[in-house]
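Let's take a look at one helix and then at how the chains meet. Have the sequence and the model open side by side.

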Amino acid sequence: MITENLVGEIYLVCGALLFVLGVHALVVRPHLLVKVLAVNIMGSGVFMVLLTAASGPDLIDPVPHALVITGIVVAVCASAVALALMLKVRAATGQARLPSEAPED
Amino acid sequence: MEPGGFLLVIILMTSLVPGLVIFFLREQQFALRTFFNLGGAGLKLALIISLLVGVYRDGKTYSFTLNLLPGIDLVLAADALSLLFATLSAVLWLVTTIYAIGYLEHSPKRSRFFGFFSLCVSATVGIAFSGNLVTMLIFYEILTLATWPLVVHRGTPDSFRAGRIYLAYTLIGGAVLLAAVVWLTVLAGSQDFTAGGYLRDLYPEHEWALPLLFVMFVVGFGVKAALLPLHSWLPRAMVAPAPVSALLHAVAVVKAGAFGIVRVMNDVYGIQLAADMGMTLPLMGLAILTVLYGSVRALFTQDLKRRLAFSTVSQVSYIIIGVALAGPVGAVGGLVHLVHQGVMKITLFFCAGNFAETLGIHRIEEMRGVGRRMPWTMAAFTLGGLGMIGAPPMAGFITKWYLGMGALEVGQGWVIGVLLVSSLLNAAYFLPPILAGWFGRPQHHWSQDRFRDGLLETHWMLLLPTLAVAAMALGMGLLASLSISPLYWVTFIVEFEYGYEHIWRAVFEEVDP
Amino acid sequence: MPIAGLTGGLSWAALIVIVPLVGALLTGLWPRAGGWVALVVALLTLGTTLGGALHVWWQGPEIHALGGWEAPLGIALVLDGLAAFMLLLTSVVGLFVTLYALGYVGRQERSGRFWVLWLWLWAAMNALYLSGDVFNLYVTLELVVLASVALVALASGGPALVASMRYLLLSLLGSLAYLMGVALLYGAYGALDLITLAEQVTPGHLLMMVAALMTVGLMAKTALFPLHGWLAPGHGSAPAAASPILSALVVKVSFYLMLRLWLTLFPDLATPALGVLMGGLGGAAVIWGGIMAMAADRLKPFVAYSTVAQVGYLALFFPFMLAVPGGWRAVVFFAAAHACAKATVFMAAGTLQRAAGHDRMSELADVMRGRPISSFAMGIAGAGLVGLPFTGGFIAKWLLVETAIAGDVWPWAVVVVVGGLLAGAYVFRLLGPAFLAGRGSPGRPIAGIMEWSTLGMALVSIALGFAGAASLQLLDATVTGPGGL
């Protein structure tokens, strides 16, 4: 069960909010760096939701913490790849953003 | 699976394997390619003859089963009807191969041509030996795939247009057929072809599904059989080389469609059920319309090959009429036309190819006086044309006689009138080229004149197959009463199919005093 | 206890992951030997997956607790029918792609990178198929994404980099949506293990939200219409040796995950309306991809749009899951048929592109005639895409139509049949130029193994046409929802 205490509720709402903010920025903002940051913010939102699962009324569950740590490692790797790719895109096209026209579809 | 079943697989392989090998031969490897072509064709014929001996003399049954999906098998089986079609294919393949080697001498891309040619024959023989609808569908689709490269073989914009139309028709027909076969399999399971059909028990329960399926089958097979609204790919496919036209019209494609309709009528639904569903009369009406329409179009076409193509549209529907008459005698007429039309039409196409290759003749009016320059070919053309008209003693006469008798037998005497009109139309479009060929004044010069100084009037590999098939067309009519004739054979099939004992005596004695 | 797990537990499941992983490390250490290491790895992986599949075939699903730690604390590898089938598919396609790549990247300076990334991707895919818990699935999914993005980016040049960036961002979005679903699941049920979860989940708003998050995220990765925009530029601009991997295998990974989740966690959520919605999206993909393929003027985008169309059929598992018990197996078999055919087409396309120096479809006729082996392979694969016999595509089409009719959801049969015709139209548009009159020219020199491996791949898709019954039987040994295992 998701915890009933207030802190847990706040974490849950904030997590969801961060996730949505991240999605918004990822879709709307053109600059690649902002997009990469947006992905990280989404990740933070997910981690906050995970943390609410850790705090129970009786005891503290260690598994979500392990998940968050693993998640952070994955997020760091993904960010590194994304940033490296961003630099290559900038070197190749002269700008760190995706071409404004949608892919031909 | 009987041990003899592998014989059927080997028969398929005798054209499949040479076909695949030929693909990878270089263009210059003429001798090797010819060896594989003729070797495969000869071996196939020999094996089919041994199969015939096994079935008729020793009473063996041959079948081969391979499980594809749970409950669905690939079944090859040799019954009398499949042997008829397989023998026709094997004989005509051998002849056409010889002809094609002569015809395509020095032309480019022969390895590709003969590769697909062999695949095409494998598919046809596969259709002949199909033991159930799924197997037939598989080979039917392969046939589409294998003939398209032959239609576009010349690589000209014209042939591409023809190829596109051919594909559009046949792929859509194949899709309809796939849907129909799957649906029927869901309803009735995948059952082997059974004389008299296997759907009778389902009829009252699925009284709208089964007729709808029947229509889908007729559409699916009718595309290749060039039934009326679905016929227009056939005249366009005439841009292909003459051996391809011969193959499309006499052996493979058109016949596959007609054979499929025969199978569905006889061995899936059963004539009785088809008649009970009220499906035979509309089918016959459609076939009659096709007969008349094809003849009229042929009459107004001046291009020789196109005229032959419209004639095919018309003639193949005789087979459908015969089966749709739903009586044993009519069925004899229809089935025997499967063979007769094949042999006669291949004769005519070989002749047209000879004229085109030797003298550059493509249109009817250019044929004036060609009989003096090429008497042998012209004689073969005359035999084929007279056969198509249905003049005695040619093979075509036998067909029409049985169709007429069959119509009387089931009380549809008006069909005789249709046959009569159709014969008149046939005469109207075949007699003028024949008369012009023999008695017309020769043109000053033909657009080309090859093989003038040779011993024969044209290349021997073109002439001999032509004469051979013309002789067959004559022989099938003259010797119809012999026990090796297609007529005898078809009578045997129909007796088995209908459980009749006495068609032979009842009708045949009136034909042949 | 852990000791026993270490010694006794080196099972097929573990080997299937370890072999490519070790290979990836080795190629990283000795880039020059990359090709040979990859070849050995490909053969060994084929052997181990065959062993695993036979194990499932004879003895049923196997659950391997890593290090002897049982669920819920430990991470389990689950080798069942579905996993074994996908693994086998991956290793067969992988073997031929490896052979192809031996010729393709052989002499290039940076070839070492390709081998590392490919083997890494292979290990990640294998690990994903074997993962039995939702978080481990997330990690492996992320590994698959990173490796495949890097593979696209190996093709230098602006378009490829932009395409891989787009692919990466969309994939990360999908992964995080999936992870959010995992977080909610753990919050609600306190478990990550699929089998444990399957016993505990109760239909409700929370589960619906989880299903929506995970499904949409995975749809984006599978490039299911309307989230397909990234696929054509991505697969189209990747190196020729990477395109077949991406189109044949990587797309199937997220499809597999979606299928697995719906079979185990969400079967109670599947409603007819959802079936119509998802199937409708699939149908739209079939039509749209087909039209775009008809309009494409370059070879590789053409093939990529064909993937967009064919991915549409995968969505049919939603309506089929409801209509017929085991109806999803038809879709999985289709995925395999498509993988073999699409890998062949991409391999042949890469060969033709390299031989001609470009991939403008209108100008490829000469090279197509001059390279009969590649063209022939492409023809077989094209027949597979259309669903003509004797290819796996025919059996797949048959199964799809049969499932739709037997389950009384025949509109999907119409979609499949019409989609087949559309495929016929674009495949013959592709093959037509090979038959134009004129002499062929082989173009620039090509390593022979590239052409022969393509032909081999095409023959596999014919062999698949005869493996229908066996495949379905293997898929029967799949661990599904409550009560399964």
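A residue counts as buried if 20 or more other C-beta atoms lie within 10 Å of its own, exposed if 12 or fewer, and partly exposed in between, with C-beta atoms placed from the backbone. Helices (H or I, at least four residues) and strands (E, at least two) are DSSP runs, numbered from the N terminus. This is a predicted model, so to speak of local features takes pLDDT of at least 70, and side-chain atom pairs count only at pLDDT 80 or more, while totals for chains, interfaces and linings use all residues. Residues are numbered from 1 along each chain as its sequence is written, and chains are lettered from A in the order in which they are written.

Start with helix H2 of chain C, residues 12–29, which has 18 residues and reaches 26 Å from its first C-alpha to its last. Its buried residues include Trp12(C), Ile16(C), Val19(C), Gly23(C) and Leu26(C). Among the elements covering the buried residues of H2(C) are helices H3 (34–59) and H4 (81–104) of chain C.

Now for the neighbours of chain C. Two residues are in contact if their C-beta atoms, placed from the backbone, lie within 7 Å.

| Contact | First chain | Second chain |
|---|---|---|
| A with C | chain A, 34 residues | chain C, 30 residues |
| B with C | chain B, 25 residues | chain C, 25 residues |

On the side of chain A that touches chain C, H3(A) gives the largest share, 15 residues. On the side of chain B that touches chain C, H6(B) gives the most, with 11 residues.

Technical notes:
The expected span of a helix is 1.5 Å times one less than its number of residues.
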